[in-house]
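Work through the exercises below with the coordinates open. Each one sets a task and then gives a stepwise solution.

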Amino acid sequence: MSHNHLQTYFTQPNKVALACAIGLASIAISPSIMAKTVQVSSPDNKINIFVTDDNGKAEYYVTYNNETVINNSRLGIVFNQVGELGEGLKITDTKRNQVNSQWQQPWGERETITDQHKALTTHFSNGNINIDVEFKAFNDGIGFRYIVPKQTSLQAHPQLDITKELTEFAIPDAHNTTAWWIPGRGWNRYEYLYQTTSLNKVDRAHTPFTMKLATGTHLSIHEAALTDYAAMVIDQRRDGTLRADLTPWSDGILVKTQPGFHTPWRTIQIGSKATDLLNSDLILNLNEPNKLGDVSWVKPGKYIGIWWAMHVNEKTWGSGEKHGATTEETKRYMDFAAKYNFDGVLVEGWNEGWDGSWFHNGDVFSFTQPYADFDIDAVSRYGKSKGVRLIGHHETSGSVTNYRNQMSAAYDLYQQHNVSQIKTGYVADGGDIKRVDENGITRHEWHDGQFMVNEYLHSVKEAAKRGISINTHEPVKDTGLRRTYPNWISREGARGQEFNAWGTPPNNPEHTAILPYTRMLSGPMDFTPGIFNLAPEGLDAVNRVQTTLMKQLALYVVLYSPIQMAADLPRNYVERLDAFQFILDVPTDWSESIALDGEVGEFVVFARKDRHSENWYLGGLTNQDARDVTVKLDFLDADKRYIAQIYRDGDKANWQTNPYDYVIEQQTVTSQDKLMLKMATSGGVAIKFKEIK
C-alpha cells in the first residue's frame, strides 16, 4: 500500500481499528493519527486534490486517473515579522464551491471559454494566526493560492515581509521524468534555448515548466494572476522536490505586503498527452474578468516594421547616414503596408537617446523628442491618409524611473498622433533594472521581482486610460492578465526571431517545437515570424534562420499572438509573392483553436478558425527530423466543402541546403477527410481552408 493510500486510511474516524484490521497494529498511535485530510475532485473526477495537516504540516498531493502525479508537498509561507506559517498548522474548517459557466474573450485564441471547476478553501491555524489555501480543480489541471486575512493576531504587524514560500511540487520518479526548461534568474532573463533533460538534472528553472512523467502523463507548472507579488521560479531541492523560489527585491526581501493579501495562483496543467496542455484554458480561468470595460479599441492585426533592417545591419537605431527611423523610410514602409493591407508600421529608433552606449545608460532616452530626421506629425498624417497606423516604440534599457517620469507625457504624445499600440522594451541584464528610490538612491531589481511586476502593470493601466495597447518586450512572464487587462495585447518573454540575425548560436530547429508546450502555455508571444531571406550571409553562415520557408508560414498559426509581424524586409516578400499570400490571408483573431497532434520538442499541428469568417487555418512544424503526419479534418464544419490551399515543403526541401523548395497546391476537402502533412527537416506546412459557397 502506498504512503498516500495509507494516509487516506489513517484520516478516517476509526483509524486505530483500520490499522489493526489491515495488520498494522504494531504501528504506534501518534498525534499524526488524528490528522485531517480533505479532498476535492475535478468535475470529471479524473483529478483529485488531497489536503492534509499530517504531522502539523500543511501538505497536499494530487492524483490523475488514479496515478499519483504530485507526491506529498509542503504548503506555507515564512514571514520576517511572525515566522513560519507552515509548521504547527491544523485544518480548522473548509468551504466548498463549484462553477460551470462561460465567458467571452474580446480577442483571443478562442471566443468562448468554459470555466468548470470545483473549489475547496481550507482554513489552517497554528492556534494564533490563520492562513487559508484555496484550491480549484478543473478537468485540465489545478490551481491554488494562499490567503492571509486581516485578523486580530496580526494587528501589530501592518507590514508583512515574506522571506520564503514553502510551496513544493514533489514529482514522482525524477530520474525517469523528462523536463523541458530554461534557467531561472539568469542574466538573459527568459531568452535561452531550452534544455531537454531528466528532471533530476534541473537546477533553477523558469515557468511554465513542462514535464513528461515516466507513465506518459504531462504536467506543466506555472502561475496565474501575478500582481503585487514576486514571480516564482522552480528550485529543485532533493531530486524531484521542486520549490517555489520567489524573486527577491534588491534588499533581499521577497514580497512586501500586509494582512488581507492573497498570492498568485500556483498552477499545474495536467494531461494524458502533450496536446492536452495546448488545449487548456486553466491560466485564463484563474484570472479576474476584464476590469477595463469597453475594449473595442483594442485591435488585433498584422504589422510590418523598421526593425529587421537594424538586426541585419542595413540600418541603425542611432542617428547618422544609416538611420532607419526617418520620415521618408517610414513613409516607404507605410506605402508597402497600405498596398498589402497591413494595419500598422512599427518604428524603432525614432526618439533621441539611441546614440552611444544606451544599453548601459537608459537615462539618455527621451520619449517625447524625435530625432531631427523623423517628423512624427508628418508621419502620423501620412499614415492616416493611407489607412495605416503608426505603432509606437519605447526602449527603456531598464531605466524604469526615467521612463516612469516621462510616461504620462509620452503616452499623451502618442495619443495625439493616434498611436494605439506601443511596443515597450526593457533591455537590461537580469537583476540590473535601474530604479531610483524615494531617497534618490539607485537600486537594481530583477525583471520578475515584485517591484517590476507592479511597474509593468502600471504602464498597462496608464496606456489603457488613453486607449493604447501594450506589447511588452523583455517582460515579466505572462500569467493570463490579458483577461483582466485586455490591452496587454502581447509580449515577448522567450528567444524570438532576432536571435537568428545575430545570436550565436541562433534558434535551433527544435526551438519552435518546444515553445508551444512551454512559453506559449502562458499566453501570446510576439515572436515576429515571417523571415523570407533565411540566410542573408549565406546558407553556411552561423547566424541564419534554421528553418525552411514553409516553417516560417506555419509559425503564424502555431505561435499565437493577436498581433503578428511580417518581420522581413519588404523587398524579400516581393520576390516570393506566392508564398507571401499566406501571410496576407492568415488572421490573428480566432473563434476556435485546437491542437491536433504533437509531442514536446518534436512537432506540433494546430487548427484555428477565423473569428470573422468561416475559414479555418492549419499550421504544422517539426524539429530537425523530417516527418509525415496524418491529421483528420474533423475540426472542419460538417456538411461544408472547402478548398484547401496548401503551402508545403517540396520533396527536396532541407533547412540546411535547400530551404526554399516549396509547393503551393489546392484540393477540395470535407470534415470526413484526412490529410498527410509532409514536413522536411525543420520544415512546416500552412493551410487555408476556404469554404465553398
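## Exercise 1: Geometry and packing of H8

H8 bends by about 55° at methionine 407. The model is a predicted one.

Task: compare the reach of helix H8 with the expected span, then state which residues of H8 are buried and what they pack against.

Solution.

1. Helix H8 covers residues 400-416, which is 17 residues.
2. From first C-alpha to last, H8 reaches 23 Å, close to the 24 Å expected at 1.5 Å a residue.
3. The buried residues of H8 are Val400, Thr401, Asn402, Tyr403, Gln406, Met407, Ala410, Tyr411, Leu413 and Tyr414. Met407, the site of the bend, is in this list.
4. In an α-helix there are 3.6 residues a turn, so residues three or four places apart point the same way.
5. The helices that the buried residues of H8 pack against are H7 (376-386) and H9 (450-464). The strands are E25 (389-395), E26 (421-425), E27 (433-436) and E29 (469-473).
6. After H8 comes asparagine 418, with a positive phi near 60°.

## Exercise 2: The largest cavity

Task: find how many cavities of 30 Å³ or more the whole structure has, and describe the lining of the largest cavity by class.

Solution.

1. Rolling a probe the size of a water molecule over the atoms shows where empty space is left.
2. A search of the whole structure gives 8 cavities of 30 Å³ or more.
3. The largest cavity has a volume of about 300 Å³.
4. It is lined by 24 residues, and those closest to its centre are Glu109, Leu278, Ser280, Met520 and Leu521.
5. Helix H3 (274-278), helix H4 (282-285) and strand E33 (603-610) each give two or more residues to this lining. H4 gives the most, with 3 residues.
6. By class, the lining has 13 nonpolar, 6 polar and 5 charged residues.

## Exercise 3: Burial of H12 and of glutamine 151

Task: decide whether helix H12 is enclosed or open, and classify glutamine 151 as buried or exposed.

Solution.

1. The cut-off for buried is under 20% relative accessible area.
2. In helix H12 (residues 549-558), 10 of the 10 residues are buried, so the helix is largely enclosed by the rest of the structure. Among them are Lys551 and Gln552.
3. Glutamine 151 sits in the loop between strand E10 (141-148) and strand E11 (160-165).
4. Its relative accessibility is 13%, so glutamine 151 counts as buried.
5. Leaving out residues up to four places away in sequence, glutamine 151 touches Asn128, Ile129 and Asn130.
6. Glutamine 151 and alanine 554 are 403 residues apart along the chain, and 54 Å separates their C-alpha atoms.

## Exercise 4: Backbone angles in loops

Task: locate the cis peptide bonds before proline 208 and proline 505, then place aspartate 228 and asparagine 313, and classify their exposure.

Solution.

1. Threonine 207 and proline 208 are joined by a cis peptide bond with omega about 5°. Proline 208 is in the loop between strands E15 (204-205) and E16 (209-212).
2. Threonine 504 and proline 505 are also joined by a cis peptide bond, with omega about 5°. Proline 505 is in the loop between helices H10 (499-502) and H11 (511-514).
3. Aspartate 228, in the loop between strands E17 (218-224) and E18 (232-236), has a positive phi near 50°. At 38% relative accessibility, aspartate 228 counts as partly exposed.
4. Asparagine 313, in the loop between helices H5 (308-311) and H6 (327-339), has a positive phi near 65°. At 57% relative accessibility, asparagine 313 counts as exposed.

Technical notes
Residues are numbered from 1 along each chain as its sequence is written. This is a predicted model: local features need pLDDT of at least 70, side-chain atom pairs count only at pLDDT 80 or more; totals for chains, interfaces and linings use all residues. Side-chain values use heavy atoms; hydrogens and water are left out. Helices (H or I, at least four residues) and strands (E, at least two) are DSSP runs, numbered from the N terminus. The expected span of a helix is 1.5 Å times one less than its number of residues. The bend at a residue is the angle between axes fitted to the seven residues ending there and the seven starting there. Buried means under 20% relative accessible area, exposed over 50%, partly exposed in between (1.4 Å probe, protein chains only). Contact means heavy atoms within 4.5 Å. On a 1 Å grid over the protein atoms alone, a cavity is a set of points where a 1.4 Å probe fits but cannot get out, and a pocket is an open set with protein on both sides within 12 Å along at least five of seven lines; lining residues have an atom within 4 Å of a point. Grid points are joined across faces, edges and corners, and a volume is the space filled by probe spheres set on the points. Ala, Val, Leu, Ile, Met, Phe, Trp, Tyr, Cys and Pro count as nonpolar, Asp, Glu, Lys and Arg as charged, and the others, Gly among them, as polar.
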